[in-house]
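Let's take a walk through this structure together, one part at a time. Have the sequence and the 3D view at hand as you read.

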Amino acid sequence: MNLVIEDILRLSTLLPILLFLVLKQKEKVKWVFFYFSGFVFLHAIISALLAIYFGKNIAFYFNIIFIPAEFLLISYFFSQVIEYEFHKKILIISSSIFILIYIIITVSSPLIRFNSLINGIESILIITYSLFFFYEKLRYPKNLFIYSQPYFWGVSAFFLFFTTSFFVFLFRQMAWNQSVFIYQYVYIHAFAGIIRNILLGVGMIAKPDKAGIAELT
Amino acid sequence: MNVLLKAGETDVTYVVYFGTFGMLLLAVGLIVFVIFHQRKVIYYQLRMRNMQSDHQKMLLQATLESQEEERQRIAADLHDDAGPLLATVRLYLNENLVHQDMATQLQSIHNAKQIVDETIQLIRNISHSLIPPTLKNFGLESAMSDLIQKINGTGSIHASCRFNDYSRRLKLEQELSVFRILQELINNILKHSRASFLHLTQNKNEDFFYLRIHHDGTGLTQTEFEKLRDNPTGLGLKNIQGRLKILGASIFFEKDSTNTYYKVTLELPADALM
C-alpha cells in the first residue's frame, strides 16, 4: 500500500533540510533538526529502495537501527534544551536503560517486525522529556516570546508527533492484520510526521530572541 | 466469527481515534497553555520590576527633596538670622567709629562683640542640627542616650535606652543615618502613638546588628508601614526607607503577640561594623 499521504510525509522531511541549507543559520539545535530530518529522509528512501529491490522483509530488518538512532538524536536534542541537572540525569539514565532494553528485546526476538512495547516506551520517554522542558519553562521563564526560540518548535514537534502516534504505535503489533487499522495507522502516523516536519521547518526559520527579561525592563 | 472480528476491529478503531484525538488535544492544549502562561508570568515579573524601579525613583526623589529642604532651611537660617546680625555688626564698626569719642567707641565695640558671639552661637546651632556633636564626638550610643534623656526631661513619656554590645562601632556616616532613622521613628511615636513608655535596645549576633524600639502606644504594622511609605505625601517614612537602602538595612514593624506593645526593629548586616 502506497498512499499519497506517505509521499507527502517523505517530501515534508525535506522541508527542514532545505530551510537549513537556504537560511544558513547554524545554531546547535538547528544542526540537530538537520541531522534528524536528514536521517529520517535517508531512512525512508533506503527503506523504500530495499522494499522495491529486496522485498519488504529486508526493509523491516533495516528498521532495527532506525529506532535507537532516532531516539538517541532526539534525546541528545533534549539534553541540550533541558536545564535542570536532575532532569538531565533522569534523561541520561532512562535513555541508557531504553537502549539496553531495546538491544535485549531485539536480540531475543529478532523476527518481530514491529514491537509496540519498544515504540510505546520510546513515546512515553520523549513525552516525559517534553514535559520536563515545558515545566522548566513555566517555572523559570527566560524569554518573553518562547515561540521565537528554535528549540521550542523542536520540542513541540517531537511532543506532538509522539502524542499523536502513541495509540497507533501501541496497537500496531496487535492490530496490523486489520485493514481498517492499517489505514488508520498510515494516516495518523503520516499526519503526525507531516506536522512534526512543518514544526521543525518553523524552528529552522525562527530567529532566537536573545533579549531576556532583564533587557526588557 | 467474522462478526466478532468485525466488532473487535471497530473497538480498536474507536480506541485509536479517540485516544489519538484526545492525546493531540491535550498536547496542543499544553503547548498553548505554556505559551500564554509563560507570557503572563513574564509580564507579571516585568510589572514587579517596574514597580520596584518606580519605588526606587520615589525614594530617590524623597531623599533629594529632603536634602533640598535641609539646604533651604540652612539658607533661611543664614539669611534671616546670621545676615542681619552681621549687617548690624557692620553698622557698629563703620568708618565713622574712629571719629567718635572713646566711650562711644568702646560701647560700639562691645555691642559688636556681643552680636558676633550671638552669630557664632547661631552658626554652631545650625552646624549641630546637621550633625549632633555628641554623635560626632562620642558615637551613636551617647547620642541616643542624650536624645532619650532630653525626651525623658519633658516628663510626658518614660523613655529609656540600653546598648548591650556596641564595642565595634558603625562608621560615622552610618551612625548618622541610623541616628536620623531612630530620631524620625521616636518623633513619630511621640507625635502619633500616645505611648506612655518607650524603650530602645541594641543587640547583635554573628550576622546582624539590631536596634529595637518598644512602646505601648498605637503603632504601625509592617503592612501599614509599607502602605504609608508608598503614599506620595509622607516624606518621613520615605526618608527612612531611603536611608535604609543606603545602609543596606531592613526595618520590621510588629505588634507583640500579647497585644500590649509594638516593636520596631532596625536590622543592619554585622559586616557594617568597624
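Begin with strand E5 of chain B, residues 262-269, where the side chains alternate between two faces. Tyr262(B), Val264(B), Leu266(B) and Leu268(B) point to one face and are buried. Lys263(B), Thr265(B), Glu267(B) and Pro269(B) point to the other face and are not buried. Keep in mind as you look that this is a predicted model.

Now find the strands that pair with E5(B). Strand E4 of chain B, residues 250-255, pairs with E5(B) in the antiparallel sense, over 6 bridges. Within this pairing, Glu254(B) stands opposite Lys263(B). The two strands form a hairpin with 6 residues between them, and in the turn you can pick out Asn259(B), which has a positive phi of about 65°. E3(B) also pairs with E5(B) in the antiparallel sense, here over 8 bridges. If you look for Phe209(B), its bridge partner in E5(B) is Leu268(B).

How confident is the predictor in chain B? The mean pLDDT of chain B is 84, and 95% of its residues reach 70 or more. Among the elements of this chain, strand E3, residues 208-215, has the highest mean pLDDT, at 92, while H1(B) has the lowest, at 81.

Let's move over to chain A, which has 10 helices and 0 strands. Of its 217 residues, 35% count as buried. Take the contacts in chain A between residues at least 6 apart in sequence: 79% of them join residues at least 24 apart. For the chain as a whole, the mean pLDDT is 85, with 93% of residues reaching 70 or more. One stretch to treat with care is residues 213-217 of chain A, where the pLDDT is below 50; in the model this stretch has 11 contacts beyond near neighbours in sequence.

Next, look at the insides. The largest nonpolar core has 51 residues, and the members that touch the most others are Phe78(A), Val81(A), Tyr129(A), Phe133(A) and Phe158(A). Which helices supply this core? At least two residues each come from H2, H3, H5, H6, H7, H8 and H9 of chain A, together with helix H1 of chain B, residues 2-92. H8(A) provides the largest share, 16 residues. To see one member up close, go to Phe158(A): leaving out residues up to four places away in sequence, it touches Ile74(A), Ile126(A), Ser130(A) and Arg196(A). Another core, of 28 residues, lies apart from the largest one, and its members include Leu147(B), Leu200(B), Ile240(B) and Val264(B). You have already met Val264(B), one of the buried residues of E5(B).

Finally, turn to the place where the two chains meet. The contact takes 25 residues from chain A and 24 residues from chain B. On the side of chain A that touches chain B, H7, H8, H9 and helix H10 (213-216) each supply at least two residues. H8(A) gives the most to this side, with 10 residues. What classes of residue make up this side of chain A? There are 18 nonpolar, 6 polar and 1 charged residues. For the model's own scores, note an ipTM of 0.83 and a pTM of 0.61.

Methods. Residues numbered from 1 in each chain as written. Chains lettered and ligands numbered in written order. Predicted model: local features only at pLDDT ≥ 70, side-chain atom pairs only at ≥ 80, totals over all residues. Helix = DSSP H or I, 4+ residues; strand = E, 2+ residues; numbered from the N terminus. Buried ≥ 20, exposed ≤ 12 C-beta atoms within 10 Å, placed from the backbone. Contact = placed C-beta atoms within 7 Å. pLDDT = per-residue confidence, 0-100. Core = buried A, V, L, I, M, F, W, Y, C linked by C-beta atoms within 7 Å. Nonpolar A, V, L, I, M, F, W, Y, C, P; charged D, E, K, R; others polar. Pairing = 2+ DSSP bridges.
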